[in-house]
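Thank you all for coming; I would like to take a few minutes to walk through one model with you. Please have the sequence and the structure open as I speak.

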Amino acid sequence: MANLKEIRSRIASVSSTMQITSAMKMVSAAKLKKAQDAITAMRPYSDKLTELIQNLSGSLDGDTPNPFTQVRPVKKTLLVVVTSNRGLCGGFNSSIVKAVQHYVKEHPEQDIHLLTMGKKGNDILSKNSSLFGNNNQIFDDLTYSNAAKVAEEFMDAFAEQQFDVVKVIYNRFKNAATQIVTTETLLPVVPEEDVKGSTGDYIFEPDQDAIVNELLPKSIKMQLFKALRDSFASEHGARMTAMHKATDNATELRDQLKLTYNKARQAAITNEILEIVAGAEALS
């Protein structure tokens with residue numbers, strides 16, 4: 001059994017760790033509330049805009065195609081990989097890395113390049129994958145304008161036929177304890193089968209082509225921004241959950257160490273009493 005000094009040192013170390021994890025949990029909980037409100041308010045607008053664009057682009061005349069709606073044989077693929085800049089958030093980053101590795105394994109015929117957003121994913125995936133670019137500063141100031149600049153990079157690359165398809169892989173926020181790894185196609189914009197060829201009851205002014213050409217880039221940028229918002233909220237939810245579990249484990253370990261310390265201390269006191277009694281009997 002370890003001596004009392006070693007046990008006291010371990011108790012102090014575990015208590016210090018518990019204070020850190022508890023503080024990180026509270027910080028993430030505070031940030032999560034703001035991030036959750038932002039993505040919850042944004043989803044209806046983003047989903048409706050995507051649905052509208054798919055409806056309108058599906059009914060465009062064949063002789064006036066938009067460069068972002070052109071469907072080509074998939075030979076070159078760009079994966080926009082969204083992770084975080086910091087760790088200590090459970091399996092948040094590892095699940096994205098595994099999803100990317102699984103996609104690459106399942107599509108050996110494609111020339112796959114990565115656009116990483118987040119330091120953790122970039123550090124791991126850049127070792128064995130071809131990088132189109134990386135943007136680790138996006139989460140320092142997560143705004144639509146910054147996300148739009150990133151979107152313009154791969155939109156221009158797609159229009160120049162550097163890539164045949166652009167997909168984004170990210171953690172979709174469900175609740176603080178659950179994040180869903182999601183893969184969505186950003187480019188090309190393909191209409192859904194049930195709305196293809198249907199324009200509904202829309203009245204176009206000035207004309208349908210001009211409206212689609214104006215809204216389509218905005219829709220793609222909004223879809224990327226939504227993925228970033230989802231990932232940001234998911235990160236804080238995952239970190240809050242991980243730090244909560246870490247705090248509980250540290251509390252349990254500290255209690256066990258205190259029990260061990262008390263047992264060792266009681267054993268030491270008992271031995272001292274026995275020695276005193278034995279010495280007194282020897283003298284008498």
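Let me begin with a question: is E51 buried, partly exposed or exposed? What we are looking at is a predicted model, and in this model E51 has a relative accessible area of 45%, so it is partly exposed. Its partner is K48, since the side chains of K48 and E51 meet in a salt bridge with an N to O distance of 3.9 Å. K48, for its part, counts as exposed, because its relative accessibility is 54% and the cut-off for exposed is over 50%. The two residues sit three apart in helix α1, which runs over residues 4–57, and so K48 and E51 are separated by about one helical turn.

That pair is one of 11 salt bridges counted in the model, and I would like to set two others beside it. The side chains of D164 and R72 form a salt bridge at 3.2 Å, N to O. This pair links distant parts of the chain, with D164 in the loop between α4 (144–159) and β4 (165–175) and R72 in the loop between α1 and β1 (76–82), 92 residues apart. Both D164 and R72 are buried.

The other case takes us to helix α5, where K226 forms a salt bridge with D230, the closest N and O atoms lying 4.0 Å apart. K226 and D230 are four residues apart in that helix, about one turn. K226 counts as buried because its relative accessibility is 5%, and D230 likewise counts as buried because its value is 0%. The pair also belongs to a network of salt bridges that links R43, E184, K226 and D230.

Let me stay with α5 and turn to its geometry. The helix comprises 76 residues, 208–283, and at 1.5 Å a residue it should span 112 Å; its end C-alpha atoms are 110 Å apart, so the expected and the computed values agree. There is nevertheless a bend of about 25° at L215, and a proline, P217, follows within four residues. Further along, L259 also lies in helix α5, and it counts as partly exposed because its relative accessibility is 49%, the cut-off for exposed being over 50%. Finally, L259 and T178 are 81 residues apart along the chain, and their C-alpha atoms are separated by 35 Å.

How values were computed
Residues numbered from 1 in each chain as written. Predicted model: local features only at pLDDT ≥ 70, side-chain atom pairs only at ≥ 80, totals over all residues. Heavy atoms only, no water. Expected span 1.5 Å × (residues − 1). Bend = angle between axes of the 7 residues up to and from the residue. Buried < 20%, exposed > 50% of the residue type's maximum accessible area, 1.4 Å probe, protein only.
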